[in-house]
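User: Pick one part of this structure and give me a close look at it. Keep it chatty, but spell out your cut-offs.

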Amino acid sequence: MPKNSKVTQREQSHEHVTESVADLLAHEEPIDYKSSALNVGGAAGKKVPQIEVPENDGRPAWNSKLQYILAQVGFSVGLGNVWRFPYLCQKNGGGAYLVPYFILLLIIGIPLFFLELAVGQKIRRGSIGVWNYVCPSLGGIGMSSLMVCGFVGLYYNVIIGWSIFYFFQSFQYPLPWSDCPIRKNGTLAIVEPECEKSSATTYFWYRQTLNTTSTIAESGGLNIKMTLSLLVAWIIVCLAVIRGIASSGKVMYFSSLFPYVVLFCFLVRGLMLKGSVDGIAHMFTPKLEKMLEPQVWREAATQVFFALGLGFGGVIAFSSYNKIDNNCHFDAVLVSVINFLTSILATLVVFAVLGFKANIMNEKCVVDNAEKILGYLNSNVLSHDLIPPHVNFSHLSTSDYAEMYGVIKTIKEGSFTQLGLEPCLLEDELNKAVQGTGLAFIAFTEAMTHFPASPFWSVMFFFMLINLGLGSMIGTMTGITTPVLDTYKVQKELFTVCCCVVAFLCGLLFVQRSGNYYVTMFDDYSAGLPLTVVVILENVSVAWIYGTKRFMQDLEDMLGFRPYKIYFYLWKYVSPLCLIVLISATVIEMAISPPGYNAWVQELAHERFQSYPPWALAMCFSLIVVAMLPLPIVFIARRFNLMSDGSNKLSVSYRKTMMKDISNLEEQDEARFILGAKPGEAPLSPPGVTAAQRTPTTALLMPQNCM
């Protein structure tokens, strides 16, 4: 409020608040928007006030715009950008996949991201408070969002714990996953059979890190190493969140920027490796026919959806600490573009390194099969006449082996399969798509064992994963704590510590020896469908229940300019339609695909798909039901007046500031402050207040037809 306004002058004079106002604040009576003149959806003829949002309402605020942008970038840019996007890009047509992804980013990602930023910044509350204000009947949106945040936070921090374990294991030379362990049997020393059948990095992951069981039904007890790593992860997250945005914002300076330093270092180092160009060329070679497959568009939409963190509540929570006139449209575009470019950068890094690994593995394949051929030549199984004269077995190139392989396959067509020779094609190695833990903890770690100074690069890589995970985890926890602290009177430090302790205890499920299978279960079922439903209800509540035209006008009042007309059509028609198609495709995919998981079979030393037992199947679907349960419960409870209307409660700091301003106005100013000149007319602004600063608190409150 301007320094020369009468409200400010009265505050500086230390005049006492009137007795009636003091009584109001003491009793903390909720303001009923339905029966009062504050109802923006009231009947015609009622006087509709417009109350200015107090800038100093006691709510924490970001120290700078940069700090806020880094927090949003840190939340949206996570582990999925490094190990999910490159996999989808390879699987769905290479460079051709970027076309549907970018299109869906423009028509779904940026508009919905802008919508969440706007409502959070306008109402200055967490997800529960925001959707209670917009439409109390759909107040369950915020609660479902909080539930999903809780489920995701439980297993996401386990992945950070795995990264912490690998980080500390990296301070060794050679790296502990470089070679298979040797088992002594009396005087004989033999290679561990499980490792010999798979690989050193695979063995280290499944046996020495997870010590996993062969089925989800065998718990195997707690894995002490992983339990301690999870405890460290939760302590770090708790300390970052408990200090609030002032502290977590400073953490974001490092956790958001450091991954880019590491990615650029890996890109430069990767481009210097033999075969890196092969990997990048394979990655971006477009397979245009893939663009016609519906599955590609579904997976692109899902990736856009989760890459920006839509529906989690973290976006709304972070934006609620902004100034009311902050340009959130610019923020939405900027963060979305940074997210997209980060995915491209990570893809370049991943496939430069995997191209190097593919060349190493291909050369090893050539050497192994050349030894087989030499054995067949020495035992007269093959004739020396089959070998081209220019072939030198001591310096055998991949092209020479390919020529020799082709000749033998042609001549020995009938008995060729019995020879057990492999084609050793670089393309086959590059086509071995890996994602998630398989990429980070197996494929990438194996590639780094061939780097010069491999421990240094391993430390950098896993420290980067820790920072990426922490940025997203802080946003997820903020999506839990902010709505609760805004809605209920609880001590922040105590509540945060309790959340972390409960989460750690629940997280023990994931650090059993079978815990990896539960991580897969939660990743597949706890977030996908519930979050999609949450976001489409967010979209519908603003665009159809509150009204897109009214929302566009509110944005103009808040930002000082009217957003592009295209947003009107995207919010009202395009985004809801795309989300409905996405939900339908997700349900169909879940119905068609048999629910199961890839179990590590110790005797066979490889993964095998197994169906979930009945109890685990019930657990899968209970995750979906529990996450979505607040939606119908809140709707029914408020429909039949079984639950108090969440829209009728303002935060204590908000109400105190508002009532203090009203009590200090003179009678003429108070009448002008509360009543417009005409029904529905905007308020008169104090001297010096621009249109961008004239921001009604009730602009996003529940319309009358919502209930």
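Analyst: Of the contacts (heavy atoms within 4.5 Å) linking residues at least 6 apart in sequence, 82% join residues at least 24 apart. Before zooming in, a caveat: the model is predicted, so local features need pLDDT of at least 70 and side-chain atom pairs count only at pLDDT 80 or more, while totals for chains, interfaces and linings use all residues. Numbering runs from 1 along each chain as its sequence is written, and side-chain values use heavy atoms, leaving out hydrogens and water.

For the backdrop, the protein has 29 helices and 4 strands (DSSP runs numbered from the N terminus: H or I of at least four residues for helices, E of at least two for strands). Of its 707 residues, 56% are buried (under 20% relative accessible area; exposed is over 50%, partly exposed in between, with a 1.4 Å probe and protein chains only).

The part I'd pick is the set that UniProt's unreviewed entry marks as "binding site": G74, V77, N81, N339, L468 and S472. They span 399 residues in sequence, yet no two of their C-alpha atoms are more than 12.6 Å apart, so they gather at one spot. Bear in mind that such annotations may be inferred rather than shown by experiment.

Let's start with N339, which sits in helix α16, running over residues 328-378. With a relative accessible area of 1%, N339 counts as buried. If you skip neighbours within four places in sequence, N339 is in contact with S76, V77, N81, Y101, A307 and L308. Two of those partners, V77 and N81, carry the "binding site" annotation themselves. A307 deserves a second look: the N339 side chain reaches its backbone oxygen at 2.9 Å. As a polar contact, that is a pair of N or O atoms within 3.5 Å, with one able to donate a hydrogen and the other to accept it; residues adjacent in sequence count only if both atoms are side-chain atoms.

Now over to L468, found in helix α21 (residues 454-487). L468 is buried as well, at a relative accessible area of 5%. Beyond neighbours within four places in sequence, L468 is in contact with G74, V77, G78, L79, V82, Y156 and P259. Here G74 and V77 are the annotated names. V77 is thus a contact partner of both N339 and L468, giving helix α16 and helix α21 a shared neighbour.

For contrast, look at L228 in helix α11, residues 224-242: its relative accessibility of 51% makes it exposed.
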